[in-house]
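Me: Please look closely at one part of this model, the nonpolar packing in its interior. Work outward from there in one connected account, with the cut-offs stated.

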Amino acid sequence: MAQARRIVVKVGSSSLTTASGGLDADRVDALVDALATVRGRTYGPGEGGGDGDREIVLVSSGAIAAGLAPLGLARRPRDLARQQAAASVGQGLLVARYTASFARYGVRVGQVLLTTDDTSRRASYRNAYRTLDQLLGMGAVPVVNENDTVATDEIRFGDNDRLAALVAHLVRADLLVLLSDVDGLYDGDPSRPGTSRIAEVRGPADLDGVSIGSSGKAGVGTGGMVTKVEAARIAAEAGIPVVLTSASHAADALAGRDTGTYFHRTGRRSAGRLLWLAHASTPLGALTLDDGAVRAVVERRTSLLPAGIAAVEGEFAAGDPVELRDTEGRAVARGLVNFDAKEIPQLLGRSTRELARELGPAYEREVVHRDDLVILNP
């Protein structure tokens, strides 16, 4: 933790707002105090690769919660349209509050709003990385949130914990810190006597038999401990260690002191967009593969050719994510398809050479290229 140069910090709605909605200025300022302190701290030779300032990316919930009171809403609405209206009002208030609070330290902030569609496609993914990297290079603190004002149910991350894990991978972070209203992961309900904090998680086996709660205390967010543990798993498998603790212990976590739960990295960094494709995309259709194609895609990691496709379902366009299934209907992979759904039936079971002769050279290519494909059940 002390060696981390680039840190992604995620904070939940309950840590920034009151239960009735509206931003709590004191809570925001306390968080910014902790972030600004660690941001100004340098790391020395051998700590992160050389001398320099630490960088912070803040993934912040709170836009919808901040918009409740100004719109006269007593609680978080269930329908998407009113959630988007609340986010539209609240996002401006949230960023304005961060802008004012960081200004006390002479630090600029930059707003970055993302949807899954922005980050699963190759060009958009690269652009998102360039924007965030440039903001950090210019000394600003990116404030990232899901673009709730335009996201539909089909292109939502669903919770900012998962978004934070994916952003940590996107910006090649050295550490992810998840802040909530609970000071760590417990081996039971933390409100009951006899439970204890789990200080370290070295792998999934450490959580066998642990009952993980599903909701937070304040009732203004969408996440809970389940989403935080899942986010920690995603980041750890991508080679990024994670600290899970409460917002009130943010300074301790960022200083490397013993607090919360520390998730050790369990894997290595993978190709950029594939993590997003696996965890952030929603398939818009499915391709059923014959047994030979399943072996080729899963075991030999080849591209999917039309000759190996037995059936197609769904409505999708070229570039959309689709699920690849075996003959039993099990999802084995996910990928970005190169053809519209209406084009694929004429391709089924046929070689690319045959298709090129009959339909033209544009059809002498993969249905899903291996660079746009992620295996789900290796």
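Reply: The largest nonpolar core has 43 residues; a core here is a set of buried Ala, Val, Leu, Ile, Met, Phe, Trp, Tyr and Cys residues joined through side-chain atoms within 4.5 Å. Buried means under 20% relative accessible area, exposed over 50% and partly exposed in between, with a 1.4 Å probe and protein chains only. Val8, Val144, Val167, Leu170, Leu176, Leu185 and Trp276 have the most contacts inside this core. At least two core residues come from each of β4 (55–60), β5 (109–114), α5 (122–137), α6 (160–170), β7 (175–180), α7 (225–237), β9 (242–246) and α9 (272–279). Of these, α6 gives the most, with seven residues. Helices (H or I, at least four residues) and strands (E, at least two) are DSSP runs, numbered from the N terminus.

The model is predicted: local features need pLDDT of at least 70 and side-chain atom pairs count only at pLDDT 80 or more, while totals for chains, interfaces and linings use all residues. Residues are numbered from 1 along each chain as its sequence is written, and side-chain values use heavy atoms, with hydrogens and water left out.

Within the core, Leu185 can be followed outward. Not counting residues up to four places away in sequence, Leu185 touches Ser196, Arg197, Ile198, Leu207, Ile212, Met225, Val229, Leu244, Thr261 and Phe263; contact means heavy atoms within 4.5 Å. Two of these partners, Met225 and Val229, are among the buried residues of α7, which also include Thr227, Lys228, Ala231, Ala232, Ile234, Ala235 and Ala236. At 1.5 Å a residue, the 13 residues of α7 should span 18 Å, and its end C-alpha atoms are 18 Å apart, which agrees; the expected span is 1.5 Å times one less than the number of residues. Gly239 follows α7 and has a positive phi, near 90 degrees.

Another partner of Leu185, Arg197, is also in contact with Thr259. Thr259 lies in the loop between α8 (250–254) and β10 (261–263), and has a relative accessible area of 10%, so Thr259 is buried. Leaving aside neighbours within four places in sequence, the other contacts of Thr259 are Val243, Thr245, His249, Asp252 and Ala253. With Thr245 there is a polar contact between the two side chains, at 3.2 Å; such a contact is a pair of N or O atoms within 3.5 Å, where within protein one must be able to donate a hydrogen and the other to accept it, and residues adjacent in sequence count only if both atoms are side-chain atoms.

A second, separate core of 27 residues includes Ala34, Leu35, Val177 and Ala250. Ala34 and Leu35 belong to the buried set of α1, together with Val28, Asp29, Leu31, Val32, Ala36, Val38 and Arg39. Helix α1 (residues 25–39) has 15 residues and reaches 20 Å from its first C-alpha to its last, close to the 21 Å expected. At its start, a side-chain oxygen of Asp24 comes within 3.1 Å of the backbone nitrogen of Asp26.

For the wider setting, the protein chain has 11 helices and 15 strands, and 50% of its 378 residues are buried. Among contacts in the chain with a separation of 6 or more, 71% join residues 24 or more positions apart.
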